[in-house]
Amino acid sequence: MRELLFLAPGRLRWRERAEPHILAQSDALVRPIAATTCDLDRLIIRGEAPFRGPFAIGHECVAEVVAVGEAVTGFRPGDRVVVNWHISCGSCHHCTTRRPNACLTHQPGAMYGLPGLGDWGGMFSDLLRVVEADVALTPLPAGVDPAIVASAGDNIPFGWEFTIPHLAETPGAEVLVMGGCGSIALYAVMFARAGGAARVEYRDTDRGRLEIAARYGADVVEGPPPRRAGEFPIVVDASADEAALKCALRSVAPEGIVSSVGGHFGDVSMPLFKMYQRGVRFYTGRGRGGPNVAEALEWVAKGLADPAPVVSCIAPFDDAPAVLAEGLTKPVLVRD
Ligand SMILES: [Zn+2]
Ligand SMILES: [Zn+2]
């Protein structure tokens, strides 16, 4: 079978490797039918993240179940599913309390499609072994196009996680989103608007992303981040930029929350005294993924949120090496 390798910035290629097999009775084998890049993959492909090839890349896909182990009860061959990108056991304290991203059984950070975290395979492949299928898979709702939600295992629920629960806590709050990383910022704008934010301000330097944010109804501001952008109860840093992160931290309302998707690979100094005076809740992390996938997809299935504008292009799966090399925000590779 084929598996896509990231070699070096702007360089990817298919390689042949042995097919994966069901190793535990809780495993499933799936065939990705719509796969895309996470914002982290995009940084890697553009040479803006400290990961060196070669390795099998890809951890966002919608797939078709090909086979299941005897212990899998929730899925059967032919089902269309979203694959959670975290490797999780499903039974430890963190996994049973909606935190598969911090599974206590597997190596910290274990995931598909990155080097040094176990050989779990990448999702730009003909076949993938899914560990603990009953917890790792989420059914794709009927009527939802796999290509539009190829990102539903990671970046889409990440955008949901940073907005909808906080808007439930402070209904109608104004939201600031610092863009730059790629798609998560746009999904955050999408969910913030759908979730009833009184106003969403989106800041970025990329004209294309600014246009998408404007389509979602955000007030967009083009240009480098100012020292402070105002005062918002909910702030999302999806910038991968130190100055933008600092702007985010200075722009949060007292006792508000700043969520950062990361993309900051070195140490960053923070305006901690100002944060202390205001009261700031700061979260950074990889997102919970799995437990939020069904709910994020429900917004899409009900027509309340439409991720289609974020998709950069839809291309044949075979063309992945050339299409991904362009480093687009959300290129989707599909097949029947
Ligand atoms: Zn990711
Ligand atoms: Zn676990």
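Colleague: How much space lies in the largest pocket?

Modeller: In this predicted model, the largest pocket holds about 500 Å³ of space. Its lining counts 30 residues, and the closest to the pocket centre are Val261, Gly262, Gly263, Gly285 and Arg286.

Colleague: Which elements supply at least two residues each to that lining?

Modeller: Helix H1, helix H3 (155-161) and strand E14 (280-284) each do so. The largest share comes from H1, with 3 residues.

Colleague: And how does the lining of the largest pocket divide by class?

Modeller: There are 18 nonpolar, 9 polar and 3 charged residues in the lining of the largest pocket.

Colleague: Where does the largest pocket lie with respect to the domains, and why?

Modeller: The largest pocket lies between domain 1 (2-153 + 307-334) and domain 2 (157-284), because both give residues to its lining.

Colleague: What about the second largest pocket, how much space is there?

Modeller: About 230 Å³ lies in the second largest pocket. It is lined by 17 residues, of which Arg17, Pro20, Asp119, Trp120 and Arg129 are the closest to its centre. By class, that lining has 8 nonpolar, 4 polar and 5 charged residues.

Colleague: Changing topic to the metal: which residues coordinate the zinc ion (ligand 1)?

Modeller: Cys38 through SG, His59 through NE2 and Asp154 through OD coordinate the zinc ion, at 1.9 to 2.2 Å. Along the sequence, these donor residues follow the spacing C-x20-H-x94-D. Cysteine 38 and histidine 59 link distant parts of the chain, being 21 residues apart. Cysteine 38 sits in the loop between strand E3 (28-36) and helix H1 (39-45), while histidine 59 sits in the loop between strand E4 (55-56) and strand E5 (60-68).

Colleague: Are cysteine 38 and histidine 59 buried or exposed?

Modeller: Cysteine 38 is buried, and histidine 59 is buried as well. For the protein overall, buried residues make up 56% of the 336 residues.

Colleague: How many helices and strands does the protein have?

Modeller: The protein has 10 helices and 16 strands.

Colleague: What are the spans of the C-alpha trace along its principal axes?

Modeller: The C-alpha trace spans about 55 × 40 × 35 Å along those axes.

Colleague: And what is the radius of gyration, set against that of a compact globule?

Modeller: The protein has a radius of gyration of 19 Å. That agrees with a compact globule, because one with 336 residues would have a value near 20 Å.

Notes: Residues are numbered from 1 along each chain as its sequence is written. Chains are lettered from A and ligands numbered from 1 in the order in which they are written. This is a predicted model: local features need pLDDT of at least 70, side-chain atom pairs count only at pLDDT 80 or more; totals for chains, interfaces and linings use all residues. Side-chain values use heavy atoms; hydrogens and water are left out. Donors are N, O and S atoms within 2.8 Å of the metal (3.2 Å for Na, K and Ca); water is not among the atoms, so sites may look incomplete. Helices (H or I, at least four residues) and strands (E, at least two) are DSSP runs, numbered from the N terminus. Buried means under 20% relative accessible area, exposed over 50%, partly exposed in between (1.4 Å probe, protein chains only). On a 1 Å grid over the protein atoms alone, a cavity is a set of points where a 1.4 Å probe fits but cannot get out, and a pocket is an open set with protein on both sides within 12 Å along at least five of seven lines; lining residues have an atom within 4 Å of a point. Grid points are joined across faces, edges and corners, and a volume is the space filled by probe spheres set on the points. Ala, Val, Leu, Ile, Met, Phe, Trp, Tyr, Cys and Pro count as nonpolar, Asp, Glu, Lys and Arg as charged, and the others, Gly among them, as polar. Domain bounds come from an automatic or database domain assignment. The radius of gyration is taken over C-alpha atoms; the globule rule is 2.2 Å times the number of residues to the power 0.38.
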